[in-house]
Amino acid sequence: MAVENLFKDEATEEKGERARMASFIGAMAIADLVKTTLGPKGMDKILQSTGRGRSVTVTNDGATILKSLHIDNPAAKVLIDISKVQDDEVGDGTTSVVVLAGELLREAEKLVNAKIHPMTIISGFRMAAECARNALLEKVVDNKQNAEKFKSDLMKIAMTTLSSKILSQDKEHFAKLGVDAVMRLKGSTNLESIQIIKKPGGSLKDSFLDEGFILDKKIGIGQPKRIENAKILVANTSMDADKVKIYGARVRVDSMSKVAEIEGAEKEKMRQKVQKIISHGINCFVNRQLIYNFPEELFADAGVLAIEHADFDGIERLALVTGGEIASTFDNPESVKLGHCKLIEEIMIGEDKLIHFSGCEMGQACTIVLRGASSHVLDEAERSLHDALCVLSQTVNDSRVLLGGGWPEMVMAKQVDELARKTPGKKSHAIEAFSRALLAIPTIIADNAGLDSAELVSQLRAEHQKEGCTAGIDVISGSVGDMAELGISEAFKVKQAVLLSATEAAEMILRVDEIITCAPRRREDRM
């Protein structure tokens with residue numbers, strides 16, 4: 001006798017064919033959503049939040065779009081996760097990875113309908129992915145030994161990454177900024193010491209790279225505006241204790257002079273604290289919290305520059321860059337590590353005054369100041385530049401480079417096709433399907449540029465039958481172009497991450513044959 005109802009109320013289950021269909025459809029819908037943002041002619045999306053303030057984000061970064069979506073479909077969530085990981089891992093290729101996974105599932109759906117078992121498809125995909133990776137490995141170029149060539153490779157990669165973003169009009173300018181900033185890091189992938197400051201006003205062309213560190217604060221009144229050979233104490237401590245701080249306490253006094261005594265005692269306490277801080281032998285004090293007028297006056301008298309309310313990111317980065325540590329107690333000066341820099345001065349950017357620290361301990365430090373028409377433009381410019389910086393810093397470590405513009409996909413598809421011809425049995429269908437999914441990326445790049453994708457991709461395929469072919473899609477002229485001449489390059493690490501993540505995600509969704517949705521457990525009414 002069959003069990004009528006295994007689950008509690010409100011729980012649902014979908015089995016076999018239906019579960020698989022739900023997964024495929026969800027994943028393909030997500031891929032179709034970000035598909036139009038792929039490539040140099042990709043379009044942007046506006047994301048509007050329904051919360052208070054109704055903030056608006058304009059972006060074409062796959063990870064940013066998908067991160068902002070609230071989605072019910074479990075398979076779609078897997079794709080959102082891979083794009084997030086791609087963003088954290090290599091910074092770019094977030095759209096490609098989702099599109100490729102979506103296309104693999106689209107092909108897999110046809111195979112499942114043709115009664116090929118999902119496990120057969122998975123093992124075919126595995127073989128194809130391995131073959132595609134090897135095809136790329138054979139074609140990589142590594143110019144790490146030749147500094148000139150390597151720098152031009154980095155410039156090309158930065159320009160290719162930026163050409164699908166808002167910065168595409170001034171991509172040479174920003175590619176140069178990015179390469180200069182990353183070269184200063186000397187091989188570290190920690191982007192902490194590259195600070196990006198956004199200042200509305202001017203145009204994107206006015207953005208510049210500043211050697212040193214800029215803190216978005218003004219210098220207080222009556223304090224030195226310029227300090228050479230600065231010794232900096234970075235602190236997170238309260239400098240506003242000129243009130244009784246015992247909450248809810250009542251102080252009974254029998255005359256006004258007693259109140260004055262209490263205030264005097266507090267001032268004395270503050271004065272001692274300031275003395276302790278000054279006794280570290282510093283000439284610049286940066287605090288995370290407020291500094292009230294009285295201590296500020298004391299600092300100004302001692303000729304110490306006091307900066308208050310430096311935001312937390314700013315202060316952590318400042319400590320890192322000047323080689324100091326954040327202190328909160330000042331009793332033993334010898335244990336506190338001070339920061340050093342050659343010069344502190346006030347500078348103007350647009351209408352705003354900022355504090356500029358130059359000649360820092362950590363020579364890698366630099367600040368990129370972005371200018372632009374509005375905050376939305378600046379936010380998107382920052383995301384684009386961050387992607388480029390991530391890719392560049394990864395490339396400095398793993399210096400293998402490939403051509404771009406749909407060329408790697410064509411190379412992979414060609415090798416995978418050959419593998420399919422040699423493989424006996426049903427697996428060959430899955431391998432062939434993998435090669436069709438790879439071709440979808442150049443197809444979509446061409447479609448987004450409004451070109452005839454079927455014509456272009458078939459021309460490309462014919463070109464790629466020749467040995468040592470460097471053809472890809474040139475969306476600017478709308479034809480098949482030579483990627484080596486056009487200088488369109490991509491990092492091998494990005495392509496490899498796209499290929500492997502997309503295959504693994506597709507494999508995971510293919511394995512599903514049942515979706516169980518459980519209702520949340522209710523609390524019993526306690527009487």
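These are my notebook entries on cavities, a helix, aromatic pairs and salt bridges in a predicted model.

**Entry 1: the enclosed space**

I began with enclosed space and found one cavity of 30 Å³ or more, with about 40 Å³ of space in the largest cavity. I listed its lining as Leu-100, Glu-409, Met-412, Leu-438, Ile-441, Lys-495, Val-498 and Leu-499. Helices H12 (407–422), H13 (427–448) and H16 (492–510) are the elements that each give two or more residues to this lining, and H16 gives the most, with three residues. By residue class I noted six nonpolar, no polar and two charged residues in the lining of the largest cavity.

**Entry 2: the open space**

I then turned to the largest pocket, for which I have a volume of about 870 Å³. It is lined by 42 residues, of which Gly-39, Pro-40, Thr-160, Ser-163 and Ser-164 are the closest to its centre. The elements that give two or more residues to the lining of this pocket are helix H4 (94–113), helix H6 (147–162), H13, strand E16 (471–474), strand E18 (489–491) and H16. Here H6 gives the most, with five residues. I recorded the lining of the largest pocket as 14 nonpolar, 18 polar and ten charged residues.

**Entry 3: helix H12**

I checked the length of H12 next: its 16 residues, at 1.5 Å a residue, should span 22 Å, and because the end C-alpha atoms lie 24 Å apart, the two values agree. I listed the buried residues of H12 as Trp-407, Pro-408, Glu-409, Met-410, Val-411, Met-412, Ala-413, Val-416 and Ala-420. Glu-409 and Met-412, which are among these buried residues, also appear in the lining of the largest cavity.

**Entry 4: aromatic pairs**

I searched the whole structure and found three aromatic pairs. For Phe-125 and Phe-434 the ring centres are 5.6 Å apart and the planes stand at 65°, so I entered the pair as edge-to-face. Because Phe-125 lies in helix H5 (residues 118–139) and Phe-434 in helix H13, this pair ties together parts that are 309 residues apart in sequence. Phe-125 is buried at a relative accessible area of 2%, and Phe-434 is buried at 1%.

For Phe-285 and Phe-299 I noted ring centres 5.1 Å apart and planes at 25°, so this pair is stacked. It links distant parts of the chain, with Phe-285 in strand E9 (residues 284–287) and Phe-299 in helix H9 (residues 293–301), 14 residues apart. Both Phe-285 and Phe-299 are buried.

**Entry 5: salt bridges**

My count came to 25 salt bridges. One of them joins Asp-379 to Lys-198, with the closest N and O atoms 3.0 Å apart; this pair links distant parts of the chain, Asp-379 being in helix H11 (residues 375–397) and Lys-198 in strand E5 (residues 194–200), 181 residues apart. Asp-379 is partly exposed, with a relative accessible area of 28%, and Lys-198 also counts as partly exposed, at 31%.

I also looked up Asp-398 and Arg-400, which form a salt bridge with their closest N and O atoms 3.0 Å apart. Asp-398 has a relative accessibility of 19%, so it counts as buried, since buried means under 20%, whereas Arg-400 is partly exposed at 26%. Glu-463 pairs with Lys-466, the closest N and O atoms being 3.2 Å apart, and Glu-463 is partly exposed at 28%. I closed with Asp-32, Lys-35, Glu-103 and Arg-106, which are linked in a network of salt bridges.

Methods: Residues numbered from 1 in each chain as written. Predicted model: local features only at pLDDT ≥ 70, side-chain atom pairs only at ≥ 80, totals over all residues. Heavy atoms only, no water. 1 Å grid on protein atoms, 1.4 Å probe; cavity = no way out; pocket = protein on both sides within 12 Å on 5 of 7 lines; lining within 4 Å. Points joined across faces, edges and corners; volume = space filled by probe spheres on them. Helix = DSSP H or I, 4+ residues; strand = E, 2+ residues; numbered from the N terminus. Nonpolar A, V, L, I, M, F, W, Y, C, P; charged D, E, K, R; others polar. Expected span 1.5 Å × (residues − 1). Buried < 20%, exposed > 50% of the residue type's maximum accessible area, 1.4 Å probe, protein only. Phe/Tyr/Trp six-rings, centres within 6.5 Å; stacked < 30°, edge-to-face > 60°. Salt bridge = Lys/Arg side-chain N within 4 Å of Asp/Glu carboxyl O.
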